[in-house]
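Hi,

Here is the structure I promised to pass on. Have a look at it first, and then read my notes below.

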Amino acid sequence: MSQFTISVLPGDGIGPEVVREALLILEQVAKNFQHTFTFNYGKVGGVAVDETGTPLPQETVELCKNSHAVLLGAVGGPKWDQETPERRPEAGLLGIRKALKLYANLRPVTLFESLIHASPLKREVVLDTDILIVRELTGGIYFGSPRERRQGRDGLEVIDTLHYTEKEMERIIRKGFDVAQGRKKKLTSVDKANVLESSRLWRETANRVAKEYPDVQLDHMLVDNAAMQLVRNPRQFDVIVTENMFGDILSDEASMLTGSLGMLPSASLGVGGPGLYEPIHGSAPDIAGKNVANPLATILSAAMLLRHSLGLEEEAASVERAVDLALEEGYRTQDIGSEWERLLGTAQMGEVVRSYL
Ligand code: ATP
Ligand code: MG
């Protein structure tokens with residue numbers, strides 16, 4: 001029996017509805033396995049702007065820092081589109097990632113066989129796809145300086161800077177090896193080493209770290225080839241580790257392989273401190289408050305929270321199994337169902353998954 005503190009940031013739109021179902025699941029897990037979870041609620045995003053004037057109150061930052069993990073719904077919506085940059089809900093999310101020093105973004109792409117019709121790929125290509133993309137979050141071309149636009153001799157010219165330290169590369173590559181050890185022990189390191197100096201150091205670093213993980217098979221793949229292989233033969237991948245921009249693009253590409261946005265969880269991990277767990281979908285204002293949103297991405301994010309921040313593998317697997325069972329039994333929310341299936345609302349889907357725990 002263990003005691004854990006979890007910060008809960010429901011956020012905007014469908015955030016509160018889907019987070020509620022994930023919390024009920026966590027409460028059930030606590031009961032089943034005799035743990036004590038304490039949930040502390042905080043505000044972030046549009047609700048925080050409305051109530052406190054900032055998308056990320058200091059109180060929320062402190063709350064998160066003093067917990068084992070953070071569960072987030074989603075932030076944003078048309079209501080706040082006209083806000084100044086520092087008052088936009090998304091700034092709250094960026095702020096919290098920064099405050100918690102989250103450097104590793106983990107995005108599993110798992111095909112649920114019963115949802116295979118939703119995939120844009122042919123059944124025989126996509127069947128058994130189970131990939132985990134590990135993306136670096138703090139460095140690379142999105143954050144390097146100088147970043148500028150200036151007048152050159154032939155008109156405007158621009159500079160973006162791709163900067164990484166060897167330590168930053170090693171940290172994320174190590175994370176890739178660590179998670180690969182808990183899976184099929186196959187790591188694909190993605191770079192552009194035929195062109196970029198940063199990628200050459202990346203590849204050297206991966207080869208060096210690999211010596212400490214003799215049980216994991218390391219392959220290198222150029223990013224253009226990886227983009228193609230994800231669609232040609234996604235099953236060849238187990239864990240993919242890559243830098244910030246390549247990971248941004250590849251993880252969005254990969255997330256579409258299953259065709260079910262409402263099913264995909266994510267984790268962002270820091271150094272020692274709490275990890276942040278959230279569905280990859282947004283706040284979906286078009287369906288907010290209607291009890292039709294699919295809560296499974298958030299429930300699966302809670303499973304990742306159990307696994308990666310609390311070290312509760314068996315508990316995490318029990319949640320994933322319950323989701324699997326619910327789908328196999330034919331339970332569907334509107335986004336993954338079709339008219340001849342019996343469709344459930346958000347709360348009803350949560351209840352079904354709980355019943356399988
Ligand atoms: P953001 O900028 O916040 O990421 P977005 O423009 O990417 O938002 P989402 O909020 O992710 O959009 O929603 C995209 C579409 O998918 C919407 O039409 C929404 O209704 C649908 N959608 C998103 N999440 C879910 C969910 N959990 N269940 C059902 N439908 C969803
Ligand atoms: Mg989006």
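Of the 357 residues in the protein chain, 46% are buried. Keep in mind that this is a predicted model. The chain has 12 helices and 14 strands. Its radius of gyration is 21 Å, close to the 21 Å that the globule rule gives for 357 residues, so the chain is as compact as a globular protein of that length. If you want a box for it, the C-alpha atoms fill roughly 60 × 50 × 45 Å along the principal axes. Contacts across the sequence matter for the picture too: among contacts with a separation of 6 or more, 75% are between residues 24 or more positions apart.

Now the ligand. Around ligand 1 there are 16 residues, and the closest are Gly262, His281, Gly282, Ala284 and Asn294. How does that shell split by class? It has eight nonpolar, six polar and two charged residues.

Next, the annotation. An unreviewed UniProt entry lists Asp224, Asp248 and Asp252 under "binding site". These residues are spread over 29 residues of sequence but cluster in space, with a largest C-alpha distance of 14.5 Å. Asp224 sits in helix H8, residues 223-232. Is Asp224 buried or exposed? It is exposed, because there are just 12 other C-beta atoms within 10 Å and 12 or fewer counts as exposed. Asp248 belongs to helix H9, which runs over residues 244-255. With 17 other C-beta atoms within 10 Å, Asp248 comes out as partly exposed.

Two buried strand residues are worth a click, starting with Pro108. You will find Pro108 in strand E4, residues 104-110. It has 23 C-beta neighbours inside 10 Å, and the cut-off for buried is 20 or more, so Pro108 counts as buried. Leaving out residues up to four places away in sequence, Pro108 touches Leu132 and Pro265. Pro108 and Met304 are 196 residues apart in sequence, yet their C-alpha atoms are 9.6 Å apart in space.

The other one is Glu278, in strand E12 (residues 275-279). Which side of the cut-off does Glu278 fall on, buried or exposed? Glu278 is buried, since 26 other C-beta atoms lie within 10 Å. Again setting aside residues up to four places away in sequence, Glu278 touches Leu72, Ala74, Ser266 and Ser301. The C-alpha atoms of Glu278 and Leu106 are separated by 11 Å, although the two residues are 172 apart along the chain.

Helix H1 makes a handy geometry check. What span should its 19 residues, 15-33, have at 1.5 Å a residue? The expected span is 27 Å, because the rule multiplies 1.5 Å by one less than the number of residues, and the end C-alpha atoms are indeed 27 Å apart. The buried residues of H1 are Gly15, Glu17, Val18, Val19, Glu21, Ala22, Leu23, Ile25, Leu26 and Val29. Note that two glutamates, Glu17 and Glu21, are on that list. Right after H1 comes Gln34, with a positive phi near 55 degrees.

That brings me to some other backbone details you may want to look at before you set anything up. Lys101 has a positive phi, near 50 degrees, in a residue other than glycine. Lys101 lies in the loop between helix H4 (89-99) and E4, and is partly exposed, with 13 other C-beta atoms within 10 Å. Lys185 also has a positive phi, near 60 degrees. Its place is the loop between helix H6 (166-181) and strand E8 (186-191). Lys185 counts as partly exposed as well, with 15 C-beta neighbours inside 10 Å.

Last, which peptide bond is cis? It is the one from Ser145 to Pro146, with omega near 5 degrees. Pro146 is in the loop between strand E5 (130-136) and strand E6 (148-152).

Cheers

Conventions:
Residues numbered from 1 in each chain as written. Chains lettered and ligands numbered in written order. Predicted model: local features only at pLDDT ≥ 70, side-chain atom pairs only at ≥ 80, totals over all residues. Near = placed C-beta within 6 Å. Nonpolar A, V, L, I, M, F, W, Y, C, P; charged D, E, K, R; others polar. UniProt positions renumbered as here; feature names shortened; annotations may be inferred. Helix = DSSP H or I, 4+ residues; strand = E, 2+ residues; numbered from the N terminus. Rg over C-alpha atoms; globule rule 2.2 N^0.38 Å. Contact = placed C-beta atoms within 7 Å.
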